[in-house]
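Colleague: I would like a close look at one part of this model, its surface charge. Please take me through that part and its surroundings in one connected answer.

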Amino acid sequence: MAYIITEPCIGTCDTSCVEVCPVDCIHADDDDRILFISPDECIDCGVCEPECPLEAILPDTEDDTERWVEVNSEFSEKWPNI
Ligand code: SF4
């Protein structure tokens with residue numbers, strides 16, 4: 001299990017979550033349009049979830065989040081060395 005970043009983040013990219021992540025697994029896309037969480041690095045601690053002012057961070061087990069699980073995973077594959 002990992003946490004994911006979802007639609008409300010688009011165009012905002014508040015970085016409060018980045019500052020609290022203990023393993024630095026929250027990254028931004030090239031255009032800084034959205035943050036994403038690397039599923040292979042996330043340790044599922046949940047610390048980031050309450051930090052997001054837009055409530056854009058959810059566990060990947062939430063209902064109806066399949067698309068955002070894919071988005072976070074695809075971004076992580078695009079930048080495998082970050
Ligand atoms: Fe980082 Fe923990 Fe949030 Fe995963 S759940 S992105 S490890 S703060």
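Modeller: Happily; what follows starts at the charged surface and moves on to the surrounding chain.

A word on the ground rules. This is a predicted model, where local features need pLDDT of at least 70 and side-chain atom pairs count only at pLDDT 80 or more, while totals for chains, interfaces and linings use all residues. Residues are numbered from 1 along each chain as its sequence is written, and side-chain values use heavy atoms, with hydrogens and water left out.

Now to the part you asked about. Asp-40, Glu-62, Asp-63, Asp-64, Glu-66, Glu-70, Glu-74 and Glu-77 together form a negative surface patch. To belong to a patch, a residue needs over 30% relative accessible area and no salt bridge; like charges are then joined within 9 Å, and for nonpolar side chains (Val, Leu, Ile, Met, Phe, Trp, Tyr) the limit is 5 Å. The salt bridge excluded here is a side-chain nitrogen of Lys or Arg within 4 Å of a carboxyl oxygen of Asp or Glu. Asp and Glu count as negative, Lys and Arg as positive, and His and the chain ends are not counted. The place of a charge is taken as CG of Asp, CD of Glu, NZ of Lys or CZ of Arg. Areas come from the Shrake-Rupley method with a 1.4 Å probe, and for residues only the protein chains shown count as cover.

Two members of the patch repay a closer look. Asp-64 sits in the loop that runs between strand 4 (57-59) and helix 2 (66-78), and Glu-66 lies in helix 2. Helices (H or I, at least four residues) and strands (E, at least two) are DSSP runs, numbered from the N terminus. Asp-64 counts as exposed because its relative accessibility is 70%, and Glu-66 is exposed too, at 53%. In these terms, exposed is over 50% relative accessible area, buried is under 20%, and partly exposed is in between (1.4 Å probe, protein chains only). Val-69 also belongs to helix 2; with a relative accessible area of 30%, Val-69 is partly exposed.

From Glu-66 we can step to Glu-55: the two are 11 residues apart in sequence and 17 Å apart in space, C-alpha to C-alpha. Glu-55 is found in the loop between strand 3 and strand 4 and is exposed at 65%. Its phi is near 55 degrees, a positive value in a residue other than glycine. Asp-44, in the loop between strand 3 (35-37) and strand 4, likewise has a positive phi, of about 65 degrees, although it is not a glycine. Asp-44 is partly exposed, with a relative accessible area of 30%.

Pro-50 has its place in the loop between strand 3 and strand 4 and counts as exposed at 64%. Between Pro-50 and the patch member Asp-63 there are 19 Å in space, C-alpha to C-alpha, and 13 residues in sequence.

Further along the chain, Ser-16 is in helix 1 (residues 16-20) and is partly exposed at 23%. Ser-16 and Trp-68 are 20 Å apart, C-alpha to C-alpha, with a sequence separation of 52 residues.

Finally, the cysteines. With a disulfide taken as a pair of cysteine sulfur atoms within 2.5 Å, the count is zero. The sulfur of Cys-9 is too far for a bond, because its closest cysteine sulfur, in Cys-13, is 4.3 Å away. For Cys-17 the closest cysteine sulfur is in Cys-52, at 6.4 Å, again too far for a bond. Cys-9 is buried at 6% relative accessibility, and Cys-17 is buried at 4%.
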